[in-house]
Amino acid sequence: MADRPSPTASPVPADDPVSTVLVVGGMTCAACVGRVEKKLGRLEGVSATVNLATGRAKVSHPASVSVAGLVAVVESAGYTARPAEPPAGPPDPTRPGEHRRPPDGPPGSGGEEERRERDRLLVTTLLAAPVLVLSMVPAWQFRNWQWLCFVLAAPVAVWGAWPFHHRALRGLRHGTATMDTLVSLGVAASFAWSSYALFLGGAGEPGMTMPLSLVPAASDGVAHVYLEAAVGVPLFILAGRWLEGRARRGTGSALRSLAELAAKDVAVRRGGVEHRIPAADLAVGDVFLVRPGERVATDGTVVEGSSALDLSLVTGESHPIEAGPGSPVIGGAVNSGGLLEVRADAVGADTQLARITRLVEDAQTGKAAVQRLADSVAAVFVPAVMSVSVTVLGFWLGAGADRQAAITAAVAVLVVACPCALGLATPTALLAATGRGARLGILVSGVQALERLKHIDTVVLDKTGTLTSGRMSVIAVTVPADADADADAGEVLRLAAAVEQGSDHPLAHAIVAHAHRQGDGRPLPRPVGFAAAPGSGVSAMVDGAEVAVVRPGELSGIPGRLREAVHAAETAGHTAVLVRVGDVPRAVISVGDTLRSDAYRAVEHLRRLGLRPVLATGDREATARSIAGRLGITEVHAGALPEDKAALVATLQGHGGRVAVVGDGVNDAAALAAADLGIAMAGGTDAAIGAADVTLVREDLQALPDAVRLARHTLATIRANLVWAFGYNLVTLPLAAVGRLDPMIAAAAMSASSLLVVGNSLRLRTWKPSRPRAFGHGSGRPRTATGWETAS
């Protein structure tokens, strides 16, 4: 997983690259993105990826290149820049400009700039509306109406369009042209022509009227004004960018949602006294209280109390998770029940919520391969459009058309061209998809991971902790055929658990926990004379009887039903223990790692998505075959060491497979790193998560096929955005060049193109995975384990 970029990283050798994130202000289109990337890329050893939607540049550079030097390079290109401060924890939603499109002023002035844009739009609308109505409704054109329109249009063409003029002039000083250059030239040309027509061309004569025409047409003279274009162009583009900005802030709402999950203050107990302190002041080891309805302030372990925790907003878990003494809890979870006392295990940047926030933030800086092509086109788009506009003007004049028609066609070419949609196609979709993924418990490292996730055809699955729970538990309690099934099984389990209370073995913990879950609320009896025989079992006196929980050993002396239970456990890869009361065999308890309840559906969904599941585990052949058989997996690799798993990945890749590996342990890290795509499970080790491209933070294996579906849907959205962005320009530019598009209509179309791209991306925020509902009843479908198994 990519490290969190930081300009304040610890010193590293000069030859080692470091990453820095810059917040860049003043970018308005893909041409701006290309210019910033090109400027930074000219520095030796420096590469940059700039995201238009977030206004962030992720720069990889040698340690010898200072952050101040990077900022200076960006500023020399005509934009503002500052290093992004790495947050100690989840981002502060009140920090302006941090996770939204940067303003044109210094980064960080987002709220004030947004208000200025809104006010400018409102004033422009009030001034432009009468001009548009009078210009387009001949019946309302009273005597000298054109002069009123001129008075109203002048402030719009100068002050209303000033952001475009300002950025165009700034670009001119730095020898570059952007979308703002095209808009500025279009507005200036329309207003200049109208002024000429009014003062020198006869259009200012009292009683002059102008017919309605949405398609430009040549006229016999110059007595025609285009003030509606001079006000319509800035009006529609200001409105479009304001709406676009709101929509883009919506696509990036995931980080603000994560920030809102962080508790603001917390009640702690220090020295036996309760204090209310800011959550940021918590230290590792502090014991804090979580009352019903409150959020858990940070990651920790429950010391006292029990409750149900709602993790739906943090990990996407659909059901509350029970928590009691010893249970780990995650910061941001909501306490749905009783009072909890929690010991803080991690604070600030070390919490899971902070890690999720960093992963989402890093994921939003990437680019799809097709987006890089779009950015390359956009870098030369504006100069090319300006050349086309000049060519159109010259062609029309050379062909004998009147100046009015020639200028109108040239202005329409300038205004209708739109590289904005090209620059927004990928980042807005990625913002929305990563935010939606985070809400579904799917963290993706970036758009490259999404691309690889879409194209994988083979999934190598680890067993322990991935397909299974990773915890020992009781699978079945089998009693002889002549026993009173439930009553006898429950009593034997109670006696066995009483003995196992004195043992630290994982089998003992599983039996005791199962007895507590299945019990009637009575406490377990206290064992007397506890004794443990290594490799054999344990024994003690319980309620006056000698109870032993031992390995079965010789089976000839136990009832047939119990012998069958032992064989069944060994065949399934489970561990069987025999419970004797006195010298009488009373039950066989099968203990093992249980299959996740959702494992079958997840594997079946992967098959339906066209993926080939492969099981690779370090466990025994019998255990692996048993799990694979229940899931319908035919390709099994048992007894696999970490290097064997990595070698398996290489073999599959050598046969043309595009391989994803799903794992959670240190032994999976090598395979995760070697695979085309590494997927780590929620409870996995830091080594596994660090080697993975995708992390499933939801305790639900169904998140795996959901991640594949999300990747496919996201890339389909990106492709649709780019098809629209390219297709729009291919259609509208020729129409403008041949004089079939009014500049005002061109301005509306240009704004609509960007809004359509952003709106299409916004659909990802509400995306829900469509899952097959019906499943067959083949032999591979697992059965739900019951409390006990008895003879019929």
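**Entry 1: Thr 617**

I opened with Thr 617, which counts as buried at 2% relative accessibility. I note here that the model I am reading is predicted. I found Thr 617 in the loop between strand E22 (612-616) and helix H19 (621-631). What does Thr 617 touch, not counting residues up to four places away in sequence? I listed Asp 462, Lys 463, Ala 624, His 637, Ala 638, Gly 639, Ala 640 and Lys 645.

**Entry 2: the cores**

Next I looked up the nonpolar cores. The largest nonpolar core has 84 residues, and Leu 22, Met 27, Leu 40 and Leu 227 have the most contacts inside it. Helix H11 (residues 403-416) gives the largest share of this core, nine residues. Apart from this core lies another, of 50 residues, and I wrote down Ile 442, Leu 450, Leu 595 and Leu 764 as being among them.

I then went back to Leu 40 for its contacts. Leaving out residues up to four places away in sequence, Leu 40 touches Val 46, Ala 48, Val 59, Leu 70, Val 73 and Val 74.

**Entry 3: helix H6**

I checked the span of helix H6 (residues 179-199). Its 21 residues reach 30 Å from the first C-alpha to the last, close to the 30 Å expected at 1.5 Å a residue. Is H6 largely enclosed or exposed? I found that 15 of the 21 residues of H6 are buried, so the helix is largely enclosed by the rest of the structure.

**Entry 4: helix H17**

I gave H17 (residues 560-571) the same treatment. This helix has twelve residues and reaches 16 Å from its first C-alpha to its last, close to the 16 Å expected at 1.5 Å a residue. Its buried residues are Leu 562, Ala 565, Val 566 and Ala 569. Why do the buried residues of H17 line one face of the helix? Seen down the axis of H17, they fall within an arc of 100 degrees, so they line one face. A handy reminder to myself: an α-helix has 3.6 residues a turn, so residues three or four places apart point the same way.

Then I asked what this set packs against. The buried residues of H17 pack against strand E16 (468-478), strand E20 (575-581) and strand E21 (584-595). I also noted that H17 is followed by Gly 573, whose phi is positive, near 80 degrees.

**Entry 5: salt bridges**

I turned to charged pairs, and counted 17 salt bridges in the structure. Side chains of opposite charge can pair when their charged atoms come close. I looked at three pairs.

*Asp 265 and Arg 276.* Their side chains meet in a salt bridge at 3.2 Å, N to O. The pair links distant parts of the chain, with Asp 265 in strand E5 (residues 265-270) and Arg 276 in strand E6 (residues 273-278), eleven residues apart. Asp 265 counts as partly exposed at 38% relative accessibility, and Arg 276 counts as partly exposed at 46%.

*Asp 457 and Arg 658.* I read 3.7 Å between the closest N and O atoms of this salt bridge. Asp 457 lies in the loop between helix H13 (447-455) and strand E15 (458-461), and Arg 658 in the loop between helix H20 (642-654) and strand E24 (659-663), so the pair ties together parts that are 201 residues apart in sequence. Asp 457 is partly exposed, with a relative accessible area of 23%. Arg 658 is partly exposed too, at 41%.

*Arg 494 and Glu 491.* These side chains meet in a salt bridge at 3.8 Å, N to O. Both residues lie in helix H15 (residues 485-500), three residues apart, about one turn of the helix. Arg 494 counts as buried at 15% relative accessibility, whereas Glu 491 is partly exposed at 29%.

I also looked for shared partners: salt bridges that share them join Asp 265, Arg 276 and Glu 294 into one network.

**Entry 6: Gln 653**

I closed with Gln 653, which lies in helix H20. At 28% relative accessibility, Gln 653 counts as partly exposed. Which residues is Gln 653 in contact with, leaving aside its neighbours within four places in sequence? I got Val 659, Ala 674, Ala 675 and Asp 676. The side chain of Gln 653 reaches the backbone oxygen of Ala 674 at 3.3 Å. For Gln 653 and Asp 676, I noted 23 residues apart in sequence and 8.5 Å apart in space, C-alpha to C-alpha.

Note on methods: Residues numbered from 1 in each chain as written. Predicted model: local features only at pLDDT ≥ 70, side-chain atom pairs only at ≥ 80, totals over all residues. Heavy atoms only, no water. Core = buried A, V, L, I, M, F, W, Y, C linked by side-chain atoms within 4.5 Å. Buried < 20%, exposed > 50% of the residue type's maximum accessible area, 1.4 Å probe, protein only. Helix = DSSP H or I, 4+ residues; strand = E, 2+ residues; numbered from the N terminus. Contact = heavy atoms within 4.5 Å. Expected span 1.5 Å × (residues − 1). Arc of directions from axis to C-beta. Salt bridge = Lys/Arg side-chain N within 4 Å of Asp/Glu carboxyl O. Polar contact = N/O pair within 3.5 Å; in protein donor to acceptor, adjacent residues only side chain to side chain.
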